[in-house]
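Please look through the sequence and the 3D view that follow, and take your time before reading on. The paragraphs after them lead from one part of the picture to the next.

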Number of protein chains: 2
Amino acid sequence: MVSRARTSTSARMSTSARIPVWEDALRQHGYRLTAPRQAVVEIVAESGRALNPTEIYDRARVAYPRLGLVTVYRTLEKLEELHLVQRVHRPDNCQAFIAGVEGHQHLLICQNCGRVQYFSGDQLEALIQRVEADTGYQVHDHWLQLFGKCGEC
Amino acid sequence: MVSRARTSTSARMSTSARIPVWEDALRQHGYRLTAPRQAVVEIVAESGRALNPTEIYDRARVAYPRLGLVTVYRTLEKLEELHLVQRVHRPDNCQAFIAGVEGHQHLLICQNCGRVQYFSGDQLEALIQRVEADTGYQVHDHWLQLFGKCGEC
DNA sequence: CCCACCGATGAAAACCTTTTTCAATGGACT
DNA sequence: AGTCCATTGAAAAAGGTTTTCATCGGTGGG
Ligand SMILES: [Mn+2]
Ligand SMILES: [Mn+2]
Ligand SMILES: [Zn+2]
Ligand SMILES: [Zn+2]
């Protein structure tokens with residue numbers, strides 16, 4: 001039970017509930033909330049998959065056809081700076097972005113459809129201490145990602 | 001003691017001992033062992049840090065000035081295919097390569113100087129089972145990387 | 001030994017993605 | 001209305017990787 005409790009997959013905010021939160025965050029940091037930004041925010045906030053800049057561009061242009069690709073890059077830059085999105089690294093593609101979560105969590109990625117889930121509760125402390133003792137390194141951070149096949153695939 | 005034994009940092013082949021091994025592997029797969037390839041192999045096999053194609057290019061040209069950057073890319077392609085090198089992903093740079101190791105191991109990377117060490121013996125089985133149960137995903141693979149500061153830094 | 005073949009090479013061109021530049025736009029505030 | 005200035009999209013530039021191509025040169029067969 002104790003060990004069970006240490007791992008949790010996040011019951012995240014529903015994807016559409018993110019939109020007003022992100023919009024507020026942008027405004028509260030002095031950024032204007034413009035139509036092209038809203039178009040980008042809507043796509044990224046609602047996606048359960050990590051998306052490339054060009055994928056975001058293509059999808060957001062459906063709602064806002066005048067959008068320029070540069071604005072996608074610039075909006076992603078701001079969303080990343082505010083920790084609202086994070087980059088997802090995969091063997092073949094490290095240029096994709098997904099909505100972030102608060103605190104320290106890890107990614108579980110479907111190798112088939114790209115669907116992403118977060119989880120937390122790794123127990124790496126003991127491992128890290130051993131590696132530190134063995135190597136003389138001081139460990140300050142870690143990446144853990146699981147890859148597999150999601151329920152739908 | 002049991003848990004200690006499950007974690008090990010690899011007492012790897014000395015870096016220079018890799019060179020003949022890699023050269024044999026290339027030959028045995030039908031690739032010719034040419035001077036430009038040898039220059040690339042020597043740099044990558046002997047490096048304790050992950051190197052970009054252009055870093056490899058610059059270093060290898062010291063020994064073989066006629067070398068073209070394209071040959072660096074092509075040689076890396078073959079070394080990766082033979083699992084002699086692997087790509088190292090970092091927050092800011094996913095285009096660097098380091099000598100691989102046999103079997104399943106993980107990377108420990110110095111954030112200051114880029115020095116890389118391998119370790120094995122994570123105990124993720126229980127965590128993975130829990131995440132699978134919670135999410136309905138089937139986990140087939142994982143990435144674990146530690147970042148920190150090495151003894152020299 | 002000579003030749004034909006073909007893998008390998010480097011230069012140049014093409015390509016693709018990301019960043020920078022720039023003039024124009026249009027909110028926010030007075 | 002008028003000023004300020006963040007924001008925008010187009011275009012250019014930059015940066016990195018891949019493709020193309022003519023040439024080179026090692027190897028194996030004649
Ligand atoms: Mn963790
Ligand atoms: Mn592992
Ligand atoms: Zn899936
Ligand atoms: Zn170091």
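How many nonpolar, polar and charged residues does the surface near DNA strand D have? Keep in mind, while looking for them, that this is a predicted model. Sorted by class, the surface near DNA strand D is made up of seven nonpolar, four polar and six charged residues. Of the 17 residues around the strand, the ones that come nearest are A:Thr34, A:Arg37, A:Thr71, A:Arg74 and B:Tyr73, and of the atoms of DNA strand D that come within 4 Å of the protein, 63% belong to sugar and phosphate.

It helps to ask next which helices supply this surface. In chain A, helix H3 (35-46) and helix H5 (69-81) each supply at least two residues of the surface near DNA strand D, and helix H5 (69-81) of chain B likewise supplies at least two. Some individual contacts can then be picked out in the view. A backbone N or O atom of A:Arg32 lies 2.9 Å from a phosphate oxygen of DNA strand D, and a backbone N or O atom of A:Gly68 lies 3.2 Å from a phosphate oxygen of that strand. With A:Arg74, by contrast, the contact involves the side chain, since one of its polar atoms lies 2.6 Å from a base nitrogen of DNA strand D.

Now turn to the way the two protein chains are arranged. Chain A can be superposed on chain B by a rotation of 180° with 0.0 Å of shift along the axis, with an RMSD of 0.1 Å, and the two copies are therefore related as by a two-fold rotation axis. Both copies use the same surface, in that 100% of the contact residues of chain A recur in chain B. To find the axis in the view, look for A:Leu144, whose C-alpha, at 2.2 Å, comes closest to it among the residues of chain A.

The last stop is a metal site in chain B, where the manganese ion (ligand 2) is coordinated by B:His104 (NE2), B:His106 (NE2), B:Asp122 (OD) and B:His142 (NE2), at 1.9 to 2.1 Å. Along the chain, these donors follow the spacing H-x1-H-x15-D-x19-H. Because B:Asp122 lies in the loop between strand E5 (116-120) and helix H6 (125-135) of chain B, while B:His142 lies in strand E6 (residues 138-149) of chain B, the pair ties together parts that are 20 residues apart in sequence. B:Asp122 is buried, with a relative accessible area of 11%, and B:His142 also counts as buried, at 14% relative accessibility.

How values were computed. Residues numbered from 1 in each chain as written. Chains lettered and ligands numbered in written order. Predicted model: local features only at pLDDT ≥ 70, side-chain atom pairs only at ≥ 80, totals over all residues. Heavy atoms only, no water. Least-squares fit on C-alpha atoms with pLDDT ≥ 70 in both. Contact = heavy atoms within 4.5 Å. Near = heavy atom within 4 Å. Polar contact = N/O pair within 3.5 Å; in protein donor to acceptor, adjacent residues only side chain to side chain. Helix = DSSP H or I, 4+ residues; strand = E, 2+ residues; numbered from the N terminus. Nonpolar A, V, L, I, M, F, W, Y, C, P; charged D, E, K, R; others polar. Donors = N, O, S within 2.8 Å, 3.2 Å for Na, K, Ca; no water. Buried < 20%, exposed > 50% of the residue type's maximum accessible area, 1.4 Å probe, protein only.
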